[in-house]
Amino acid sequence: MEEVDHQEFVQEPQHRPSLSTIEAQGIPVIDLSPITSNNTSPSAIDALTKEIGSACKEWGFFQVTNHGVPLSLKRNLLEASKKFFSQSLEDKKKVSRDESSPSGYYESEYTKDVRDWKEVFDFFAKEPTLFPATIDEHNHRVVQWTNKYPHYPPAFRDIIQEYIEEMEKLAYKLMELIAMSLGLEAKRFERFFIRGQTSFIRLNYHLALGVGPHKDESALTILAQDEVEGLEVKRKTNQEWIRVKPKSNDYIINLGDIIQVWSNDRYESVEHRAMVNCESERFSIPYFFFPAHDTEVKPLEELINDQNPPKYRPYKSGKFLLYRMINDFKKQNKDNLQIHDYKLA
């Protein structure tokens, strides 16, 4: 059996769970029916766009209802996830991911150099997914990554692929609303994703202190979770950790680093964590929406001017994500690359 160094799981004092948490009354719940129903009026779209913009600016997090994704898909995938993680470690490791093939099962991931109390299964949204071969900015070689498929549960492949299709549809709708809330043309972001993606879905099985404080590298993340509470969001106004109550048919949306850069800090990626008690296991399924690997991420030209110059130097989406993936595999004893490392003085 693998020997575990328990010091790897130790969080810094400021990141440890407090004895009391605040319930998130303020995280907006947004009804998407104006874009999912047949009788849509321009005024309803305008109102929804303003609501999205306010949520993005004030929180960076919001919940969506009437989103158009059948509830059965989420239930089926959560059930398949529970079945997969209920297997023996030996069976799960038959589809293990590694540094040369990051799709599949893993049980020792690190967030900001602290080991997470969780098990994961990663699955790419597109197959094959094109990715840079190395983090070297001067090496332009590309590799193709494919998915690993567990034999159990038997319908896993079909369930997850059907779910991913619905997540992509929802992600495009949300990106249109976010674009319009920034005063951009609705399809402004589509060009970065339509020619290729590095999006992926993750099945999380959380144990104890699930995931340490972090921000997402994606453009946006769509989170499904079971009925067990655990997600906490750092409120921007006072830096307090706010507990988010799960709602069975809602999805939780959070902005990622890419939106922060594209918007030139008008919208921010917000720190969050997963806290689980000793009595309850928790399952969650984030879908990370990423553009093509060779996308140059930088502030959009429509959102910069002499009074508001670019706040970030450009970076390649795939190189940044690959660097973060590599550093998630083992303890580095140094800070991982963060989006603020690209900030201009």
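Start by selecting Arg 273 and Glu 232: their side chains make a polar contact at 2.9 Å. A polar contact here is a pair of N or O atoms within 3.5 Å; within protein, one must be able to donate a hydrogen and the other to accept it, and residues adjacent in sequence count only if both atoms are side-chain atoms. What you have open is a predicted model, where local features need pLDDT of at least 70 and side-chain atom pairs count only at pLDDT 80 or more, while totals for chains, interfaces and linings use all residues. Residues are numbered from 1 along each chain as its sequence is written, and side-chain values use heavy atoms, with hydrogens and water left out.

**Around Arg 273**

Stay on Arg 273, which belongs to strand 16 (residues 272-274). Strands (E, at least two residues) and helices (H or I, at least four) are DSSP runs numbered from the N terminus. Arg 273 has 2% relative accessibility and so counts as buried. The cut-offs are under 20% relative accessible area for buried, over 50% for exposed, and partly exposed in between (1.4 Å probe, protein chains only).

Now show Trp 241: the charged end of Arg 273 sits over its ring, 4.1 Å from the centre. That label needs NZ of Lys or CZ of Arg within 6 Å of the ring centre and within 35 degrees of the ring normal.

Next, add Glu 229, Arg 243 and Lys 245 to your selection; together with Glu 232 and Arg 273 they are linked in a network of salt bridges. A salt bridge means a side-chain nitrogen of Lys or Arg within 4 Å of a carboxyl oxygen of Asp or Glu.

Within this group, zoom in on Glu 229 and Lys 245, whose closest N and O atoms are 2.9 Å apart in a salt bridge. Glu 229 lies in the loop between strand 12 (220-225) and strand 13 (231-234), and Lys 245 in the loop between strand 14 (241-243) and strand 15 (251-255), so this pair ties together parts 16 residues apart in sequence. Glu 229 is partly exposed at 25%, and Lys 245 is partly exposed at 41%.

**Another salt bridge**

The structure holds 19 salt bridges. For one of them, select Asp 265 and Lys 343, which meet at 2.5 Å, N to O. Asp 265 is in the loop between helix 7 (257-262) and strand 16, and Lys 343 in the segment after helix 8 (317-327), so the pair ties together parts 78 residues apart in sequence. Asp 265 counts as buried at 18%, whereas Lys 343 is partly exposed at 38%.

**On to the rings**

A search of the whole structure finds 26 aromatic pairs. Rings of Phe, Tyr and Trp (its six-membered ring) pair if their centres lie within 6.5 Å; planes under 30 degrees apart count as stacked, over 60 as edge-to-face and the rest as tilted.

Select Phe 131 and Trp 145 for a stacked pair, 4.2 Å centre to centre with 20° between the planes. Phe 131 is in strand 8 (residues 129-132) and Trp 145 in strand 9 (residues 142-145), 14 residues apart. Both are buried.

Then move to Tyr 172 and Phe 289: their ring centres are 5.4 Å apart and their planes at 85°, so the pair is edge-to-face. Tyr 172 sits in helix 5 (residues 156-181) and Phe 289 in strand 17 (residues 282-289), 117 residues apart.

For a last stop, select Phe 84, Phe 85, Tyr 105, Phe 121, Phe 123, Tyr 149, Phe 156, Tyr 205 and Phe 283, which ring pairs link into a cluster. Add Arg 157, which lies over the face of Tyr 149 at 3.8 Å from the ring centre.
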